[in-house]
Amino acid sequence: MIRLESFVSGAWNAGRGDGRPFVDPTTGEVLGKVDASGLDMASAIAYARDIGGPALRAMTFAERAALLRAVSDILAANRPRYNEIAIKNAGNTASDAAIDIEGGIGTLKVFSRLGDKLGAVQMLIEPGSDQLAKDDVFRAAHIWTTRPGVAIHINAFNFPSWGLWEKFAVAILAGVPVVAKPASPTAWLAHEMVRDVVAANALPPGALSLVCGTGEGLLDSVSGMDHIAFTGSHDTGAHLRRNPRVFEASPRLNIEADSINATILGPDVANGHDIDALFRREILRALSVKAGQMCTNIRRILVPQARAKEIVDALAADIAKLIIGNPADAEVRVGPLVHVQARDEAVDKIVALTREAGTAAGGGIPGQARDADPKRGAFLAPTLLAAKDADHLRAVHEIEVFGPVATAVPYRDLDHAIALALAGGGSLVASLFSDDPRVGQKVVSQIANAHGRVMTVDSTVGKAHTGHAIVMPQCVHGGPGRAGGGEELGGLRGLRFYMQRTAVQGSPGFLNTLRGTSAEIAL
Ligand code: NAP
């Protein structure tokens, strides 16, 4: 039986308890245990802050970019082993695993290139300066410097690789040491990756720590200069906000939570149009990729009322062709959820949604699964629901079923579609499929303030779009309200979380001296 350890205070440490089991969700077989109980978290955080912090801050952006490149090379060299773990422990098909693993490696590469561009400096300066005195002898410029704290990263189970490395890339480029806590059900992959990076001696001591376990005590010694970046459910996010030490010390806190993301099919799109096919393809992805376990996934499908039945019928026919089963089989499109408890929770939530929506496809545990027992594995049939009355929906706008489940909602006109999208209370992402720029203009201008990202697809984009659910490192990720109110990535914009902006007042000559030793950039 595998027992995952934690890499803290510069060494691998086993927990003192029995630990929590993690499984192969295809069979229910217990693969190992994860436990960090009894570890001295205060010392672990202090080690990262006091040993890793100064070492990273002494480096330039270009030197830290080289660290990211080294880590991405180590991970790239071990891909096949990581893929096997993702299939076995996360229920990923090969393409699901690639999103997680290649996503992590690719994000590290993007940030290493961004760091190269910043060059051999340790400070950033914003373009321009402001005159503050009548005679032009006193001005202000704004600089950014690395904050002295540690970055505590608490990740969700669905992206054990991408979640770990996308946060790590930004923090390390900024010069902040990382203490990462993967979610217990899928911590194995993160554990193996960090073992490889540690074994290769690729990072300065204290730059990366890993806590495999519940994270008990992780926040007890947090300070006001630290950074907590959390990804997970709304409920856990709310719990962390209420943590007395977090409340008292006021570290920076970034929360990426769940959201009820919508996609809108424009009223201009007719049956048979290219965009109609692209829209349907995207919904099929939402109901199959990573078995629907993506925070950015489409949960509400907003369609013109006049076309609702025809679209739901076409989607149901598409869904019937998806092969559910053992993700090791190359033809399987939908693997299991992360464990049977998650599957049971999803089934309960589908029942709650069916009070407001009929079932057009799926609806629970599938009758059969390729090369697997559908009852022992954590399988959930791709499920399409169709709302009965768009004006009296509550559950559909509030309940996230973390699986291959979405609800079609008919809208009367564009104002109605916009109101329905906004009823999600703040989302990570929305998408619009339309060939009419007036539709695009109206939708984007009216829903942007409730969304972190809006993807628009017209005929000129075609299949070249990167996907409703896919988070690109160049774009900000995070959404307001229900989505947690956080923001990460966005290219160099992500550095803001880990750096301090300071207004420096002084003579134009002195400010120019600072400019000469900084990278100029508007974050
Ligand atoms: P979760 O149950 O909220 O757990 C998230 C993380 O928080 C895990 O590492 C968990 O550790 C940890 N945690 C739980 N209680 C804690 C505590 N008291 N102190 C410190 N850490 C604690 O979420 P999940 O089931 O892993 O992930 C699914 C959810 O995440 C979905 O709702 C999804 O929408 C959301 N999500 C959001 C994003 C985004 O970017 N916005 C991305 C992915 C997923 P243990 O596993 O050890 O309990």
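These exercises walk through pockets, strands and one loop residue in a predicted model.

Residues are numbered from 1 along each chain as its sequence is written, and side-chain values use heavy atoms, with hydrogens and water left out. As this is a predicted model, local features need pLDDT of at least 70 and side-chain atom pairs count only at pLDDT 80 or more, while totals for chains, interfaces and linings use all residues.

**Exercise 1. Describe the largest pocket and say where it lies.**

Step 1. Fix the term. On a 1 Å grid over the protein atoms alone, a pocket is an open set of points where a 1.4 Å probe fits, with protein on both sides within 12 Å along at least five of seven lines. Lining residues have an atom within 4 Å of a point.

Step 2. Take the volume. The largest pocket has about 1,100 Å³. A volume is the space filled by probe spheres set on the points, which are joined across faces, edges and corners.

Step 3. Find the centre. The lining has 46 residues, and Ala-156, Phe-157, Gly-232, Ser-233 and Thr-236 are the closest to the centre.

Step 4. Sort by element. β12 (227-231), α7 (234-241) and α11 (340-353) each give two or more residues to this lining. The largest share, 5 residues, comes from α7. Helices (H or I, at least four residues) and strands (E, at least two) are DSSP runs, numbered from the N terminus.

Step 5. Place the pocket. Domain 1 (2-257 + 486-520) and domain 2 (261-478) both give residues to the lining, so the largest pocket lies between them. The domain bounds come from an automatic or database domain assignment.

**Exercise 2. Which residues lie nearest the centre of the second largest pocket?**

Step 1. The second largest pocket holds about 250 Å³ of space.

Step 2. Its lining has 15 residues, and Pro-21, Phe-22, Val-23, His-339 and Gln-341 lie nearest the centre.

Step 3. β4 gives the most to this lining, with 4 residues.

Step 4. Both domain 1 and domain 2 give residues to the lining, so the second largest pocket also lies between them.

**Exercise 3. Work out the surroundings of strand β10 (residues 178-181).**

Step 1. Look at the side chains. In a regular strand they alternate between the two faces of the sheet. In β10, Val-178 and Ala-180 point one way, and Val-179 and Lys-181 the other way. All are buried, meaning under 20% relative accessible area with a 1.4 Å probe and protein chains only.

Step 2. Find the partners. Two strands pair if DSSP finds at least two bridges between them. Strand β9 (residues 151-154) pairs with β10 in the parallel sense over 4 bridges. Here Ile-152 has Val-179 as its bridge partner. β10 also runs parallel to strand β11 (residues 208-210), joined by 3 bridges. There, Ser-209 is the bridge partner of Val-179.

Step 3. Trace the connections. From β9 the chain crosses through helix α5 (residues 162-174) to β10, in a right-handed β-α-β crossover. Right-handed means that, with the strands pointing away from the viewer, the path from the first strand over the helix to the second runs clockwise. β10, helix α6 (residues 187-199) and β11 also make a right-handed β-α-β unit.

**Exercise 4. Is Phe-379 buried or exposed?**

Step 1. Locate Phe-379. It sits in the loop between β16 (357-361) and β17 (383-387).

Step 2. Check the accessibility. Phe-379 has 0% relative accessibility, so it counts as buried.

Methods
Buried < 20%, exposed > 50% of the residue type's maximum accessible area, 1.4 Å probe, protein only.
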